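Here is a short set of exercises to work through with the sequence and the 3D view side by side. Try each task yourself before you read its solution.

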Amino acid sequence: MTTASPRSEERSRDLAALLAQVSLGDRAAFRTLYRHTSAHLLGVVLRIQRDRAQAEDVLQEVYVNVWRAAQSFDGRLSQPLTWLTSIARNRAIDALRRHRTEPATVSSTVAGAGADDDHDMLQNFASDAPGPTDLLEQAADARALRQCLGALSGEQQQCVALAFYQGLSHAEVAAHLRQPLGSVKSWVRRGLMALKSCLDRLGVAR
Amino acid sequence: MDYGHPALADRLAAEYVLGTLRGGARRRFDTLLPAHPLLRGAVADWQVRLAPLADSVLGVEPSAQLWPRIEQRLFASERQDALPWWRRLGVWQGWATAATVAAIGLGVLLNQPQPVQPPIVIVLNANPDAAGVLPARFVASVTADGRALVLRPVDAVALDANRALELWAVPGQGAPRSLGLVRPDQATTVLRTQLLDNTAAFAVSLEPAGGSPTGAPTGPILSLGSI
């Protein structure tokens, strides 16, 4: 069971209440929800769709989705921010095949993001050193994930980081790491399975 | 591909949430998701496992024009998709029935010898958007004077112990009014004074045990029938 911090639990309840109001057609609540979540969701989208203009197009789709699907949000089944973030990631990934005619190159030509940045972010996440996530009050789930990520092999960690943080496909990860496609698929699959067993042992999800 | 196989479902769900499931496979998965509870459960679990990875994302303020674009898209004219669910009754054409008349002995219930007018029967069909959550259909019989309603599930609803079904009277404008919790397996009788006043439809939502804590539906709308 998640032992979320009081502040994040309160935030979660506020968002859930807003979503319930949105499901009833409350435009003011929708506006408030947008104000509270749009910066985070744009950040999520930008990791996958680096072009700012296209990312904002995606964000528009995201909130149209949220307005239409708010009635199907079940606060007992998921956390509001997880639900919103998943919609954002899914729309961003869907938009990739529409707008990207060639695989994104993960290199220092992308403004502000060197090839090692995401490895570092994952290292910070996986290590005990204070990182961005430590600045927020941590849920037990985040600590568990950090611990379980730390137990993966270096290649598995890299592949999971590149896939999640940069929205890279298997082929793109393989190109970036200059490794065979089969090896990358195997690292991703085994990394995910190892995460699952480790998190199951720690009582995260079911 | 056998999407009913748990290990395969789990692997696909993991790659879907991580983002490595792409192209045709991802589109197929997306299409199947609403109809496959096993897949949806696996996806939900992986979202919980990987969710903390997204926490550390730095927020980026969208440009000021984005919100007006969203408003324009959804609310400029009274588009169908801008209407809240209880106004999108046109979408339910073919699902909602017209008011029909049936002889039901509610007169006995109200201790009246004979109803002056026959009761109104409304079929609450399953919400197609929520059919994957929990299939539920009901028939409601309301006395013509709006003082009593009997709600009967068409098939018993497989309700979890920590959930409840709540019945709502939905007006043409304004928020739904709770008519209380209803049984998933037998008829429930609701007695009021004006069930039909300012009521365009009846709906059943899935709530936590004890019903909605907020006075408005907080869970998915399982079933809706317009008068």
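A residue counts as buried if 20 or more other C-beta atoms lie within 10 Å of its own, and as exposed if 12 or fewer do. Keep in mind that this is a predicted model.

**Exercise 1. Describe the make-up of each chain, and state what share of each is buried.**

Step 1. Begin with chain A, which has 10 helices and 0 strands. By the burial cut-off above, 43% of its 206 residues are buried.

Step 2. Turn to chain B, where you will find 5 helices and 9 strands. Following the sequence, the pattern is α-α-α-α-β-α-β-β-β-β-β-β-β-β. Of the 227 residues in chain B, 39% count as buried.

Step 3. Now look at contacts between residues with a separation of 6 or more. In chain A, 66% of them link residues 24 or more positions apart; the figure for chain B is 62%.

**Exercise 2. Find which side of helix α10 of chain A is buried, and explain how you can tell.**

Step 1. Locate the helix: α10(A) covers residues 181-201, 21 residues in total. From first C-alpha to last it reaches 30 Å, close to the 30 Å expected at 1.5 Å a residue.

Step 2. List its buried residues: Val184(A), Trp187(A), Val188(A), Gly191(A), Leu192(A), Leu195(A) and Leu199(A). They span an arc of only 125 degrees around the axis, which places them on the same side of α10(A).

Step 3. Recall the general rule behind such spacing. An α-helix has 3.6 residues a turn, so residues three or four places apart point the same way.

Step 4. Check the opposite face. Turned away from the buried side of α10(A) are the exposed residues Gly182(A), Ser197(A) and Arg201(A).

Step 5. Look just past the helix. α10(A) is followed by Gly203(A), which has a positive phi, near 85 degrees.

**Exercise 3. Work out how chain B meets chain A.**

Step 1. Count the residues: 49 of chain B are in contact with 60 of chain A.

Step 2. Ask which elements of chain B take part. Helices α1 (6-18), α3 (37-55) and α4 (66-75) each supply at least two residues of the side that touches chain A. Of the elements in chain B, α3(B) gives the most, with 11 residues.

Step 3. Sort that side of chain B by residue type: 29 residues are nonpolar, 10 polar and 10 charged.

**Exercise 4. Trace the nonpolar cores.**

Step 1. Start with the largest, which has 76 residues. Those with the most contacts inside it are Leu19(A), Val45(A), Ala163(A) and Ala13(B). Its largest share, 10 residues, comes from α3(B).

Step 2. Zoom in on Val45(A). Setting aside neighbours within four places in sequence, Val45(A) is in contact with Ala55(A), Val58(A), Leu59(A), Ala88(A) and Ala92(A).

Step 3. Apart from the largest core lies another, of 30 residues, including Leu124(B), Val142(B), Ala148(B) and Leu149(B).

**Exercise 5. Identify the strands that pair with β2 of chain B, and give their direction.**

Step 1. Strand β2(B), residues 120-126, is joined by 5 bridges to β3(B), residues 138-142, and the two run antiparallel. As one bridge, Ile120(B) partners Val142(B) in β3(B).

Step 2. β2(B) also has 2 bridges to β9(B), residues 221-226, again antiparallel. Here, Asn125(B) has Leu224(B) of β9(B) as its bridge partner.

Definitions and conventions: Residues are numbered from 1 along each chain as its sequence is written. Chains are lettered from A and ligands numbered from 1 in the order in which they are written. This is a predicted model: local features need pLDDT of at least 70, side-chain atom pairs count only at pLDDT 80 or more; totals for chains, interfaces and linings use all residues. Two residues are in contact if their C-beta atoms, placed from the backbone, lie within 7 Å. Helices (H or I, at least four residues) and strands (E, at least two) are DSSP runs, numbered from the N terminus. Ala, Val, Leu, Ile, Met, Phe, Trp, Tyr, Cys and Pro count as nonpolar, Asp, Glu, Lys and Arg as charged, and the others, Gly among them, as polar. The expected span of a helix is 1.5 Å times one less than its number of residues. The arc is that of the directions from the helix axis to the C-beta atoms. A nonpolar core is a set of buried Ala, Val, Leu, Ile, Met, Phe, Trp, Tyr and Cys residues joined through C-beta atoms within 7 Å. Two strands pair if DSSP finds at least two bridges between them.
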